[in-house]
Amino acid sequence: MNDVNKNLSSMILEHFGKDTVQIESLKPGLIAIHASSEKNRDIIKTFLDADDEATLSAISGVDLGDSTEVLYHIRTHGTIVTLRCIVPRNKPTIASITDLIPGANFHERETADFFGVTFKGHPYPKRLLISDDWPEGVYPLRKDAEIPSPETKAEVLPEEEMTTRAEGTRTVKIVIGPQHPALLEPERFLVDVDGETVTKVTPRIGYCHRGVEKATESRTYMQDVYLVERICGICNSCHSTTFCQAVESILDVEVPSRGKFLRTIVLELNRIQSHFLVLGHAGHEIGYDALFQYMWRDREIAMDLTEILTGNRVITSFLAIGGVRRDLEEKTKPRIMEDLKKLRERAEFYKHLFEEDRTVRMRTEGVGVMDKKEALSLCVVGPVARASGLKIDVRKEAPYAAYGEVPYELISRTEGDSWARLLVRAEEVLNSVDMIEYAVNNLPAGDFKIRVPRRVAEGESISRVEAPRGELFYYVKSNGTQSPERVKIRTPTVTNLYSVIKLTEGGNIADVPAALVSLDPCFSCTDR
Amino acid sequence: MCASRLVRWAEKRSPWLLHFNSGACNGCDIEVVALLTPRYDVTRFGIQLEPSPRHADVLLVTGVVTRQCAERLKRIYEQMPKPAFVIAIGACGCSGGVFAGNYPLLSGVDKVIPVDMYIPGCPPKPEAIIDGVVKLLKTLEASEDE
Amino acid sequence: MVSIDLVFFIRSLLFPGFLFILLMSLFYDWVTRKVEARMQNRVGPNTAGPAGIFQPLADIVKLLAKERLVPHDVRSLAFTLAPVLSLAIFIFTLFFLPIDGSTTLSGISFEGDLIVILSIITLANLFLFLAGWASTNAYSKIGASRVLVMFLGYDIPLVIIALTPAFLANSLSVSTIATSQSIPFLFLIPWSFVLFLVTLQAELEKDPFDIPDAETEIVGGYETEYGGTGLAFLKLAKDVQLFLGSALVVELFLGGPYGPVYFDMPALWFTIWFILKVLFVVILGEFIANIFARLRIDQVLSISWKQVMPLSVVSLMATLIVAFWVLPIIGVGG
């Protein structure tokens, strides 16, 4: 156990004693604390008090048959500490932590949806991901859940009705989504507007919920790589990387160096393409169509590079458990270097544009401000957090693939407004180009993949990757068969999306798209 | 007679699209949006992406049609003034793709609304989508003669 | 008095009246699409007719051929009539402007018709507002209210600037202003020209002022609930509004349809100069629209009242100085 974890363990043992908590070493660098479900708030509070920058990363649920295990994954001092509490089926109640960490709102609702756990004290215990016409009392991620067929519809829960004018007020309720030109994906935001000011925002998500977590349990590990890749078309390589890393950690195998470098290349290409996408989309949202067209034209350079490396433009299917599936051919290197040079030029131009252009700044500066403290309490990750001065990045905290060797730089700003969030991404593209160039030039020789067994012995692991939108978190539990027991996926947007309420309430309705796009929401990731 | 030929010419030359994601991974959607960008530029064919269902002629649906989206998809289709056409894009839209059979899904656009063109792929390349749209436009003449 | 005879019908319905106006509006719509496309590194429509020139026509015909859908909650008379009235008023206003050397209907112009034109333009805009207000959709209502709020911002500067050429020409009739430009007023009062272009962008709801049609915020704005015929009329109304606005710029600042005449065919050559000058203004307007993002409504009002309004008053002062002291010295003007 390393020093950080040693300190954390001793701190907990000091506060609570050996009878209340048991410390377990999950993997090198990861500890877990077993405790009774009544002590969850106290233990979490101890972590929050001990570290200013401690916050919640995810809440997982695991079905143990006659009980449900609720795992709180706390991010503190650059590592993840897991608190494990057992909640029996006949009395599935546990105290909510939303007053300590408001950002836990969505995480708790999801666990309630999937496992039937009641979080006492939750301010808004409504369905998060499950559809309105799903029968009450059926919890899909329980092993013995009776899944209704697609034709059966339960009585549809009344959705918040959209009335044009609320009684006695000037407030108009407008609905953004599920079909709306500002949103590429369906979600519903009920927005109360008074004149041009937004007074309340109620998000309803779950329109893209495809039941991926449950589906992983009935497919083999190899099939699951293809399944999790398709959770999100934009950050697909990140999903497959995180999953493969988690399984490799349980199997205790090491990917060869060349494989790690190739993974880094494809991950950074993914980041470039994703940032260009959202920056162009931001241009479109603020009415600057010329910017949108230019950025997407230059995004095609990154798409071409992805196609050269992996054979596909969007869903790369490049990762495999144990390494990658294809090698980088020598003859493609000159073309890659040339394209990278073009990319760097264009990225400089756009960074300059976002810094200088007057109308862009007028629309994004001061819009949706979130300071560091709010960012922590709302559990945001990725460029959103880094734009508010919170310096968190998995590539720095827990370097994976080849991030320990390529020239990585953490980019952050302190303004915390939409402009800062867009600028962080514009600068990260330049850093990504540097990293890819280094990786291509210094690609180690050797194998890019090793063989792994089909059956994975019993074990658990946590794996994290810095996706373009933030920290992507997987918890995988295996049971000795060819299929996993449980795969918990916590995507960056599901933890960032809750902050949309803070960013838009009190502002102008014209700022809602600008604020929303600066969060870079990926609803297919959110809903899985 | 002349008027109806003029109308058919106009409908072929000015297909306005409405894009709706009914539960997709986004891969197909970004390829659809990429159609408007300089490399592919479908505005050459008079294609425009419209914001409201009432303005559009062709509904591009991506995604598996989750339970939550099914009712909305139907409502959107009903809001479009006829003649209107539906294109299901991607393996998910055609039959549910890699998610077919999962619990919150209806696995396929044609479970909810009639589909005129299926474009398979995961995701289909923009060239394939353009090909599909152009083929649909060609069938307009044939179908209106019936 | 306007006499009703064959000439009346030819001039008002065919040329330079109704048909000519509609065709030119569709032509300028195509020009804006091509300019926008080229500025965005794209090609733009190129399949409907040579270089895609029939694209706007195809759009309108297709819309007219669609199923008629009227949402059940709308105030149906206003819903149906608003687009039609808008279009009609814009077309009628163009009758006051000399296109082939004289106004569409002879004898229609009079002292003060500039004021009437400006008022009618305002009225037509109000019908666009009504189109949104008559729909039940919340988006339409917000779009409609934005039309009015923007109007609060730009209408007064627009009128003040539009009056500056009147001082130079010593007349409030558009035809007289057009004829008295031996040097186009663009060169005499360039500040006015620039300000008029800015307020015209706001009037025509183009970037950076295309707030009522902010698709990513309020879907289709006041157009949201319109499909088929209603939408066709709204789109035509917007096209004719573009033509009207640009034509007004040409009449007031660019010397109207007047220019060198060859082979003793003034009507033909005046028409050609008119079309070319309007083309110049349309391209200029589209160019401006493509280099800016869309502003927020409070920013538009702030710019309107804090910058454009004072500048228009100053510009008026400057024009008066030019009109009463500079011009007599140079010996120009009516």
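**Notebook: the two interfaces of chain B**

I began with the pair B and A, where the area buried between the chains comes to about 3,800 Å², with 60% of it given by carbon and sulfur atoms. The model is a predicted one, and I keep that in mind throughout these entries.

I then asked which residues of chain B lose the most area to chain A, and found B:Arg67, B:Gln68 and B:Tyr103, which together account for 23% of what that side buries. Counting residues in contact, I noted 40 from chain B and 53 from chain A.

Next I looked up the charged pairs, of which there are four salt bridges between chain B and chain A. I followed one of them by its atoms: the side chain of B:Arg39 meets that of A:Glu300, with 3.5 Å from N to O. For polar contacts across the interface of chain B and chain A, I recorded 12 residue pairs, with both residues at pLDDT 80 or more.

I wanted to know which elements of chain B supply at least two residues each to the side that touches chain A, and I listed β1 (16-21), α2 (27-34) and α3 (67-79). Of the elements, α2(B) gives the most to that side, with six residues. Sorted by class, the side of chain B that touches chain A holds 24 nonpolar, 10 polar and six charged residues.

**Turning to chain C**

For the pair C and B, I noted about 2,500 Å² buried between the two chains, with 59% of it on carbon and sulfur atoms. On the chain C side, C:Arg42, C:Lys62 and C:Lys66 supply 24% of the area buried against chain B, which is more than any other three residues give. The contact draws 33 residues from chain C and 29 residues from chain B.

How many salt bridges join chain C and chain B? I entered three, and I looked at the one in which the side chains of B:Asp41 and C:Arg42 meet, at 3.3 Å from N to O. C:Arg42 thus appears in my notes twice, as a partner in this salt bridge and among the three residues that lead the buried area of chain C against chain B.

I also recorded 13 residue pairs in polar contact across the interface of chain C and chain B, again with both residues at pLDDT 80 or more. The elements of chain C that give two or more residues to the side touching chain B are α3 (55-64) and α11 (228-253), and the largest share of that side, six residues, comes from α3(C). My last entry is the make-up of this side of chain C by class, which is 13 nonpolar, 10 polar and 10 charged residues.

How values were computed: Residues numbered from 1 in each chain as written. Chains lettered and ligands numbered in written order. Predicted model: local features only at pLDDT ≥ 70, side-chain atom pairs only at ≥ 80, totals over all residues. Heavy atoms only, no water. Contact = heavy atoms within 4.5 Å. Buried area = accessible area lost by both parts, 1.4 Å probe. Polar contact = N/O pair within 3.5 Å; in protein donor to acceptor, adjacent residues only side chain to side chain. Helix = DSSP H or I, 4+ residues; strand = E, 2+ residues; numbered from the N terminus. Nonpolar A, V, L, I, M, F, W, Y, C, P; charged D, E, K, R; others polar.
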